[in-house]
Amino acid sequence: MSSPFKGEREGHHTVAIVGGGAAGFFCAIRLKELCRQTEVTIFEKSRKVLAKVAISGGGRCNCTNTFTQITDLSQAYPRGATLIKRLFKQFSPQDTFRWFEEHGVPLVIQEDQCIFPKAQDSRAVIDCFMNEVRKYGIRIETGCRIEDPVELLKEFTDVVVTVGGLQHTSLHLTTPLVECVPSLFTFNIDDTRLHQLMGIVVENAVTSIPGTKLKAEGPLLITHWGMSGPSILKLSSYAARHLAEKDYKSPLAVNWTGETNADKVREHIINIIESNAKTRLIDNVRPFGLNTRLWNYLLQKIGLGGKPLGDIGKKNVNRLVEVLTNDQYTISSRCQYKDEFVTCGGVPLDSIDKHTMESLHTPHLYFAGEVLDIDGITGGFNFQAAWTTADAAARGIIRQVSA
Ligand SMILES: Cc1cc2nc3c(=O)[nH]c(=O)nc-3n(C[C@H](O)[C@H](O)[C@H](O)COP(=O)(O)OP(=O)(O)OC[C@H]3O[C@@H](n4cnc5c(N)ncnc54)[C@H](O)[C@@H]3O)c2cc1C
């Protein structure tokens, strides 16, 4: 029978990585960078490794973010912010930037602070990882599904589980999991007149779930199924658990102006009315630079389409403020496709060592990446969590070996 920690007893330090995705590859490479002698094998259930990296960021791989627009990490990581903050001391977004550039992947920072390979092609990241794997002689076993990672400890000194989101995975783990639900999805809204506005982008919308504190801001895209865009994706992340509990049926409020102070919105509307009162219909003005078709849709919704500005009384001003800042919709379901989808939930963070990612229940078993109960909003934050936690696991393993 194989003995536990067989590799170590025979004088080798051997590590099995379960899952050939972003976290698995990064952990494998970091292990070799930290300790060349370590023998590393990646087990991947499918025939293709790094499949998600390939399709990520629309095929361009948004591999990290400058984080300069993030004042509080919980804005970027609705789950796991405290742990990520701690681990950034070891491997930060700046370290990610440096690491890729030093490994032959020049990066560019977009205006929205998202960071991509200069080549604008996720292939650049995949090629980099494959080069490192070849250079260090890391073994890759594809078509190899691991059902019970703990069993691997009979053959390997350490095992790192990097299987990604556990939502549809039947992995045998001793730790009870935090229930897995989807995050980062768009909303189906049954409103055919809204669907006719597909393609319209409102640059600064505030979306919220009425009756809760769940709120997000950013660009909003009207689609032929409902609503999408960064504001909606962010809200789906903040509200991932809430919406799952409601079976993805929920009211939704949209502030189309980006201005959260209703008095300022009122002032803006009154100014428009006063300066155009004699000549124009309400349809012909564009408060807050709103798209004309969207403005007309909103006016129809409150029955003010075609009204001369001079006839808009105080009551109607109130209705205009309401439709601009608190426009009500009903989410009928979540859109299942086309999204940069991640899993909320997974291995609970109180079941792992906060520095090393080692399981508190099973020595020599480590976790990294999306399998953990950490997930971020769109913008490169999920890959950053994968690099940072993978690095932490590699350091944890090597530190223990050195000790
Ligand atoms: C369409 C799309 C676009 C995205 N774009 C971005 C982006 O631009 N920026 C960003 O930050 N994030 C993005 N994400 C999220 C990001 O891809 C994930 O957060 C990241 O891939 C997580 O890395 P991981 O290694 O933990 O998991 P994964 O990349 O999912 O890798 C897990 C691997 O483990 C394998 N596996 C699973 N079970 C087993 C098993 N039992 N045995 C062996 N192998 C197993 C899987 O086949 C897979 O290859 C995107 C996600 C999607 C779906």
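These are my notebook entries on the helices, sheets and ligand shell of a predicted model.

**Ground rules**

I count residues from 1 along each chain as its sequence is written. Since this is a predicted model, I take local features only at pLDDT of at least 70 and side-chain atom pairs only at pLDDT 80 or more, while totals for chains, interfaces and linings use all residues. My helices (H or I, at least four residues) and strands (E, at least two) are DSSP runs, numbered from the N terminus.

**Entry 1: the ligand shell**

I began with the ligand and found 36 residues around it. A residue enters this list if its C-beta atom, placed from the backbone, lies within 6 Å of the molecule. The closest are Gly 19, Gly 21, Gly 57, Gly 164 and Gly 369. Which helices each supply at least two residues of the shell? I noted helix H2 (22-34), helix H3 (51-59) and helix H14 (381-402). H3 gives the largest share, five residues. By class, I have 16 nonpolar, 14 polar and six charged residues in the shell. For these classes, Ala, Val, Leu, Ile, Met, Phe, Trp, Tyr, Cys and Pro count as nonpolar, Asp, Glu, Lys and Arg as charged, and the others, Gly among them, as polar.

**Entry 2: H2 and the five-stranded sheet**

Next I looked at the sheet under H2's heading. Five strands form an open sheet in the order S6-S2-S1-S7-S17, with parallel pairing; two strands pair if DSSP finds at least two bridges between them. The edges are strand S6 (139-141) and strand S17 (365-367), each of which pairs on one side only. Neighbouring strands here are turned against each other by 20 degrees on average, direction ignored. I followed one pair further: strand S7 (residues 158-161) and S17 are joined in the parallel sense by three bridges, and Val 161 has Phe 367 as its bridge partner in S17.

H2 lies across strand S1 (14-18), strand S2 (39-43) and S7, and runs at about 175 degrees to S2. My axes are lines fitted to C-alpha atoms, for helices over the stretch in contact, and angles run from 0 to 180 degrees between N-to-C directions.

**Entry 3: H2 against two helices**

I then checked H2 with helix H7 (residues 123-136): the axes come within 10 Å and cross at roughly 40 degrees. H2 and H7 are therefore oblique to each other, as angles under 35 degrees count as roughly parallel, over 145 as roughly antiparallel, 65 to 115 as roughly perpendicular and the rest as oblique. Their crossing is left-handed, meaning that the near helix is turned anticlockwise from the far one by less than a right angle, with clockwise giving right-handed. Phe 25, Ala 28, Ile 29 and Lys 32 in H2 meet Phe 129, Glu 132, Val 133 and Tyr 136 in H7; contact requires C-beta atoms, placed from the backbone, within 7 Å. This contact of H2 with H7 has six nonpolar, no polar and two charged residues.

How do H2 and H14 pack? I read an angle of about 40 degrees, with the axes 8 Å apart. This crossing is right-handed. Among the residues in contact are Ala 23, Phe 26 and Leu 31 of H2 and Phe 383, Trp 387 and Ile 397 of H14. The whole contact of H2 with H14 divides into 14 nonpolar, one polar and three charged residues.

**Entry 4: the antiparallel strands**

I moved on to strand S10 (residues 201-208). Six bridges join S10 to strand S11 (residues 215-222) in an antiparallel run. S10 also pairs with strand S13 (residues 250-255), antiparallel over three bridges. Val 206 has a partner in each: Glu 217 in S11 and Asn 255 in S13. The hairpin of S10 and S11 has six residues between the strands, and there Gly 211 takes a positive phi near 85 degrees. S13 pairs with strand S14 (residues 327-331) too, antiparallel over five bridges, and Leu 252 stands opposite Tyr 329 in S14.

My last look was at a three-stranded open sheet, S3-S5-S4, with antiparallel pairing. Strand S3 (64-65) and strand S4 (107-109) each have a single partner strand, so one side of each is left without a neighbour in the sheet. S4 and strand S5 (residues 114-117) share three bridges, and Leu 107 is partnered by Pro 117 in S5.

Conventions
Contact = placed C-beta atoms within 7 Å.
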